[in-house]
Amino acid sequence: MKKSQKFDNEDYKVEIHARHFPLTDAIRDYVEKKVAKIALFGKHVLEIHVVLNKEKLEHSTLILVRFLQSQVRGKSVTGDIYSSIDKQ
């Protein structure tokens with residue numbers, strides 16, 4: 001499932017993907033709340049990709065932030081999807 005959103009007051013796009021489980025509104029809102037903190041970087045952020053994955057008992061979160069001339073990638077794996085998001 002894919003969710004793509006462009007914030008009204010920002011110049012970057014946020015895409016949220018869920019693999020092997022449904023992306024609920026609660027999880028989507030939680031991710032968007034956490035990703036909104038990246039707005040501190042201002043106009044240097046071009047786009048943000050968030051991939052939430054569930055494999056057996058592990059939940060992982062991968063966040064890719066693309067800037068004007070570089071990109072930053074972070075990944076965390078835990079037993080709960082919310083704690084996996086928090087580790088980012």
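**Exercise 1. Glu 15**

Task: In this predicted model, decide whether Glu 15 is buried or exposed, and find which side chain Glu 15 joins in a polar contact.

Solution.
1. Glu 15 has a relative accessible area of 10%.
2. Buried means under 20% relative accessible area.
3. Glu 15 is therefore buried.
4. As for its place in the fold, Glu 15 belongs to strand E2, which covers residues 13-19.
5. The side chain of Glu 15 makes a polar contact of 3.3 Å with the side chain of His 49.

**Exercise 2. The order of elements**

Task: State how many helices and strands the protein has, and give their pattern along the sequence.

Solution.
1. The protein has 2 helices and 5 strands.
2. Along the sequence these elements follow the pattern β-β-α-β-β-β-α.
3. Of the 88 residues in the protein, 42% are buried.
4. Take the contacts with a separation of 6 or more: 37% of them are between residues 24 or more positions apart.

**Exercise 3. The nonpolar core**

Task: Find which residues have the most contacts inside the largest nonpolar core, and which elements give two or more residues to this core.

Solution.
1. The largest nonpolar core has 20 residues.
2. Ile 27, Val 31, Ile 48, Val 50 and Leu 52 have the most contacts inside the core.
3. The elements E2, H1, E3 (45-55), E4 and H2 each give two or more residues to this core.
4. Now take Ile 27 by itself. Leaving out residues up to four places away in sequence, Ile 27 touches Phe 21, Leu 52, Ile 81, Tyr 82 and Ile 85.

**Exercise 4. Two residues with positive phi**

Task: Where do His 20 and Lys 56 lie, and is each one buried or exposed?

Solution.
1. His 20 sits in the loop between E2 and H1.
2. The relative accessible area of His 20 is 64%. The cut-off for exposed is over 50%, so His 20 is exposed.
3. Lys 56 sits in the loop between E3 and E4.
4. Lys 56 has 78% relative accessibility and therefore also counts as exposed.
5. Next, compare phi with the usual sign. Most residues other than glycine have a negative phi.
6. Phi is near 70° for His 20, a positive value. For Lys 56 phi is near 55°, again a positive value.
7. His 20 still has partners in the chain: not counting residues up to four places away in sequence, His 20 touches Asn 53 and Lys 54.
8. His 20 and Leu 52 are 32 residues apart along the chain, and their C-alpha atoms are separated by 8.8 Å.

**Exercise 5. The largest pocket**

Task: Determine which elements supply at least two residues of the lining of the largest pocket, and how the lining divides by class.

Solution.
1. The space in the largest pocket is about 240 Å³.
2. Its lining includes Lys 34, Val 35, Ile 63, Val 72, Arg 73 and Asp 86.
3. Helix H1 (25-35), strand E4 (58-67), strand E5 (71-78) and helix H2 (81-86) each supply at least two lining residues.
4. E5 gives the largest share, with 3 residues.
5. By class, the lining holds 6 nonpolar, 4 charged and 2 polar residues.

Notes. Residues are numbered from 1 along each chain as its sequence is written. This is a predicted model: local features need pLDDT of at least 70, side-chain atom pairs count only at pLDDT 80 or more; totals for chains, interfaces and linings use all residues. Side-chain values use heavy atoms; hydrogens and water are left out. On a 1 Å grid over the protein atoms alone, a cavity is a set of points where a 1.4 Å probe fits but cannot get out, and a pocket is an open set with protein on both sides within 12 Å along at least five of seven lines; lining residues have an atom within 4 Å of a point. Grid points are joined across faces, edges and corners, and a volume is the space filled by probe spheres set on the points. Helices (H or I, at least four residues) and strands (E, at least two) are DSSP runs, numbered from the N terminus. Ala, Val, Leu, Ile, Met, Phe, Trp, Tyr, Cys and Pro count as nonpolar, Asp, Glu, Lys and Arg as charged, and the others, Gly among them, as polar. Buried means under 20% relative accessible area, exposed over 50%, partly exposed in between (1.4 Å probe, protein chains only). A polar contact is a pair of N or O atoms within 3.5 Å; within protein, one must be able to donate a hydrogen and the other to accept it, and residues adjacent in sequence count only if both atoms are side-chain atoms. A nonpolar core is a set of buried Ala, Val, Leu, Ile, Met, Phe, Trp, Tyr and Cys residues joined through side-chain atoms within 4.5 Å. Contact means heavy atoms within 4.5 Å.
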